[in-house]
Amino acid sequence: MAPGSTCSRPGRLALVLATLLAAPAGALEAYTVAGDAIPAPLGGEIGDASRGRVLVLDRTRGNCLICHWVPEPDEPFQGTIGPPLAGVGARLTAGQLRLRLVDTSLLNPETVMPPYFRTEGLRDVAPQFRGLPALNAQEIEDVVAYLASLRTP
């Protein structure tokens, strides 16, 4: 299913669950979507949870706190638009987390969550960032490692 394509929820879910999809054009590292996940780490990278935590809390890079609440009590002004991330590692696999970071519009074309590893079809991108993903493969894997470590609700 191409980003931006639409179909009914049952049809979309069946399509996503029944097929393996290659990464859309423009991705820096090839990946395969299987069901609702990207099972293999991007570029074979190993994630580091401590680096991922830094990215999640960094309001200039990951900027996750603009929409999500994380179990970091010293962080002020956390978001409530997206689901809380406490316990997300117990709810979703690393592969499911990875797909949501790479491009959650593959699961939900109506999402407001930006793709962190897509460069095509984006709007209002500053010239110096055009053609670049918000996070590179290593950074995606670091954030996946951190989020997977959040197992307590």
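**A note on the helices and loops of this model**

1. A good place to start is helix 2, whose buried residues pack against helix 5. The residues in question are G52, L55, V56 and L57. Please keep in mind as you read that this is a predicted model.

2. Next, the overall layout. The chain is built from five helices and two strands, and along the sequence these follow the pattern α-β-β-α-α-α-α. Of its 153 residues, 37% count as buried. If you take the contacts between residues at least 6 apart in sequence, 52% of them join residues at least 24 apart.

3. Back to helix 2 and its partner. How do helix 2 and helix 5 pack, in angle and in distance between their axes? Helix 2 spans residues 49–57 and helix 5 spans residues 137–149; the angle is about 95 degrees, and the axes are 7 Å apart. An angle from 65 to 115 degrees counts as roughly perpendicular, and the two helices are therefore roughly perpendicular to each other.

4. Which residues make this contact? From helix 2 come A49, R51, G52, R53, L55 and V56, and they meet Q138, E139, D142, V143, A145 and Y146 of helix 5. Sorted by character, the residues of this contact divide into six nonpolar, two polar and four charged. G52, L55 and V56 take part in the contact, and they also appear among the buried residues of helix 2.

5. Helix 4 (residues 94–103) packs on helix 5 as well, at an angle of about 130 degrees and with the axes 9 Å apart. That angle makes helix 4 oblique to helix 5. The crossing of helix 4 past helix 5 is right-handed.

6. The contact between helix 4 and helix 5 has its own cast of residues. On the helix 4 side you will find A94, L97, R98, L101 and V102, and on the helix 5 side I140, E141, V143, V144, L147 and A148. Nine of the residues in this contact are nonpolar, none are polar and two are charged. Have a look at V143 in helix 5: it meets helix 2 and also meets helix 4.

7. Is helix 4 enclosed or open? Eight of its ten residues are buried, so helix 4 is largely enclosed by the rest of the structure. The buried ones are G95, Q96, L97, R98, L99, L101, V102 and D103. As for what surrounds them, these buried residues pack against strand 2 (32–34), helix 3 and helix 5. R98 and D103 are worth picking out in the viewer, as both are on the buried list.

8. A proline in the loop between helix 4 and helix 5 also deserves a look: P115. With 15% relative accessibility, P115 counts as buried. Leaving aside residues up to four places away in sequence, P115 touches L101, V102, D103, L122 and A134. L101, V102 and D103 are among the buried residues of helix 4. Another proline, P133, is 18 residues from P115 in sequence, and their C-alpha atoms are 8.2 Å apart in space.

9. Two residues in the loop between helix 2 and helix 3 have a backbone feature to check. N63 sits in this loop, which comes before helix 3 (88–91), and N63 has a positive phi of about 55 degrees although it is not a glycine. F77 belongs to the loop between helix 2 and helix 3 too, and its phi, near 55 degrees, is again a positive value in a residue other than glycine. Are these residues buried or exposed? N63 counts as partly exposed at 25% relative accessibility, whereas F77 is exposed, with a relative accessible area of 76%.

10. Finally, the cysteines. How many disulfides does a search of the whole structure find? The search finds zero. Why is C64 not bonded to C67? The closest cysteine sulfur to that of C64 is the one in C67, and at 8.9 Å it is too far for a bond; a disulfide needs the two sulfur atoms within 2.5 Å. Seen from the other side, C67 is in no disulfide either, with the sulfur of C64 as its nearest. C64 counts as buried at 11% relative accessibility, while C67, at 22%, counts as partly exposed.

Technical notes:
Residues numbered from 1 in each chain as written. Predicted model: local features only at pLDDT ≥ 70, side-chain atom pairs only at ≥ 80, totals over all residues. Heavy atoms only, no water. Buried < 20%, exposed > 50% of the residue type's maximum accessible area, 1.4 Å probe, protein only. Axes fitted to C-alpha atoms, helices over the stretch in contact; angles between N-to-C directions. Helix = DSSP H or I, 4+ residues; strand = E, 2+ residues; numbered from the N terminus. Parallel < 35°, antiparallel > 145°, perpendicular 65-115°, else oblique. Contact = heavy atoms within 4.5 Å. Nonpolar A, V, L, I, M, F, W, Y, C, P; charged D, E, K, R; others polar. Left-handed = near helix turned anticlockwise from the far one by under 90°.
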